[in-house]
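Dear colleague,

Please find below the structure that I am handing over to you. I should be grateful if you would look through it alongside the notes that come after it.

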Amino acid sequence: MLNLLLNSLKIEILRLTNIFLFNLKKLPILNDLFTNDIYSSKIIKKICQFLIIIFIIFKELFYKFIYFFTVLYLSKLLLPSNFINYFYHLIILLTILGIFINNKLSTISKNKQLNILIFNFDATKYLKTNIIYNSFKNLIINSILLLIIGYTYKTSIIVTLSLSVLMIFSRFIGEILNISFYKKFKTTFQTNKILYFISLIIFFILATLPLKNIFISNNLIIILTIISIIVGIVYLKLLLINKKIYKSLLKNNQEKEVFLLKNPEKTIVNKKGLDLLNTLFFKRNITGNIRKKDSLIIIIIYSIIIFLIYNNLEFSQQMKELLKNNLAWFILIIFFLNKGAIITKNMFINCDSSLLNYNFYKEKEVILSLFYKRLFSIVKINLIPAIVISIGNVLLLFISKEINIYVYFSIVLFILSLSILISTHYLVIYYLFQPFNKEREVKNNNYSLILLITYMICFSLINLKINTILLSIYCIIITIIYLIVSLILVKTYAKKTFKLSN
């Protein structure tokens, strides 16, 4: 099993090294400096492999830090009087929720495809090894971060370490239950809509219990940890998955990327040319389901918040203060809710990857005409959850007895203009950097870098304290300027940049 792990890690690091060297060679500054001999240089490869390992470690630490920090911040916001116990409570609930909506074993990755389908690794042994390795890695990272939090807020070391172990073995159980569920029903937890929404509703209900002074106690955490260790080890021994099942999972995963609606043409009238092409694309991708899913989750969250406001005067004032002076939090929320990245990827998979092989599709007039139509469609899709959030915020203000009418209008305008801004941003960088190759992989470093910078900007603004009226004015001005600049950039450069990547 150790040899299997080492071999799979070598393959992954070598794959990432070659991708890194390929992208490095494409940089204008280094294009002439590096030749194809770079791939055979052992020294350069060793340096790259070292940098990749450092990057992977840093990335894992960064993501976990963001996760724990966000939960801790929410705990302080919702229950400042006993936030550390609330933090532990939420972490356990999120871990259990992750079993149903964030399963890793059934998720298809390039590394799994190479090892199981190309290098013919034994699927059961490989996936068991993969689970153990990832669990051990997460155990170390979780323990470090939780111990820092525990030390800072003077909580029991035993409880903190128990929580870390519980998170890992709960994942064991969830992974194996998901495979068993797939074997029987040919679908995973996260693709089963009924189970998905039931899990979310139960989570939100249980998450409100500490506000009524009902917590998952320290003793219960330790008991749950012991049970999860026993059950997790037993379940791991019972895990059986072969190449046939994995291929079935792969097919299932690929089908999720191509959404087909039967006879969509029958629902379309008075459309032709590029207008018909754009309408067909969005009909076949069943955008209505995307909107309904997000909107339903938002409605559930706001229903629970309204319930809490009615039962907790202090919480009511906190929400009022948040909406009046700390609305920048919604920049990050709208960023994550926006479907621009998913839609542009589907544009490439289901439309552009084929049509970009034809010269007519790369003409300036065609590119611009389709860009405008797509921009309108993407904005329309993303405005639905934005409108639901705006209505929810207005209701929260009304219940909190806010009397300034301008604040109500400002919140609505801010959320809607922000949604338009982010939708435009995703489509513009898709046209200016078209990052996907024929294998549907991101091959443009600039595209990935811009998305990372966008996320960092959104995250850095969450603590921005500014009057909501001023914030909405700034956001509207920035959105208008960004729209104008984006349209000029697309008009000027899209003919050269909107093409198939190598």
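The notes below cover confidence, the nonpolar cores, one buried serine and the cavities.

Please bear in mind that this is a predicted model. The mean pLDDT of the protein is 79, and 78% of its residues reach 70 or more. Confidence is highest in helix α16 (residues 405–433), with a mean of 92, and lowest in helix α9 (residues 243–257), where the mean is 53. For residues 254–264 the pLDDT is below 50, although this stretch has 20 contacts in the model beyond near neighbours in sequence. Where pLDDT is low, the predicted coordinates should not be read in detail.

Turning to the interior, the largest nonpolar core has 76 residues. The members that touch the most others in this core are Phe68, Phe87, Phe330, Leu396, Phe414, Ile415 and Leu418. Helix α3 (residues 83–101) provides the largest share of the core, 10 residues. Apart from this core lies another, of 28 residues, which includes Leu355, Val366, Leu427 and Phe436.

Phe68 may serve as a starting point for inspection. Neighbours within four places in sequence aside, Phe68 is in contact with Phe87, Ile91, Asn142, Leu145, Leu146, Ile149 and Met167.

Two of these residues, Asn142 and Leu146, are also touched by Ser164. The other contacts of Ser164, not counting residues up to four places away in sequence, are Leu139 and Ser143. Ser164 is located in helix α6 (residues 157–185). Ser164 counts as buried because its relative accessibility is 0%, whereas the cut-off for buried is under 20%.

How many cavities of 30 Å³ or more are there? The count comes to three. The second largest of them has a volume of about 50 Å³. Its lining consists of Ile334, Leu337, Asn338, Asn382, Pro385, Ala386, Ile389 and Ser419. Which helix gives the most to this lining? Helix α15 does, with four residues. Both α13 (329–337) and α15 (364–399) supply at least two lining residues each. By residue class, the lining of the second largest cavity comprises five nonpolar and three polar residues, with no charged ones.

When you open the model, I would suggest viewing the surroundings of Phe68 and Ser164 together, given that both touch Asn142 and Leu146.

With kind regards

Technical notes
Residues are numbered from 1 along each chain as its sequence is written. This is a predicted model: local features need pLDDT of at least 70, side-chain atom pairs count only at pLDDT 80 or more; totals for chains, interfaces and linings use all residues. Side-chain values use heavy atoms; hydrogens and water are left out. On a 1 Å grid over the protein atoms alone, a cavity is a set of points where a 1.4 Å probe fits but cannot get out, and a pocket is an open set with protein on both sides within 12 Å along at least five of seven lines; lining residues have an atom within 4 Å of a point. Grid points are joined across faces, edges and corners, and a volume is the space filled by probe spheres set on the points. Ala, Val, Leu, Ile, Met, Phe, Trp, Tyr, Cys and Pro count as nonpolar, Asp, Glu, Lys and Arg as charged, and the others, Gly among them, as polar. Buried means under 20% relative accessible area, exposed over 50%, partly exposed in between (1.4 Å probe, protein chains only). Contact means heavy atoms within 4.5 Å. A nonpolar core is a set of buried Ala, Val, Leu, Ile, Met, Phe, Trp, Tyr and Cys residues joined through side-chain atoms within 4.5 Å. pLDDT is the predictor's confidence in each residue, from 0 to 100.
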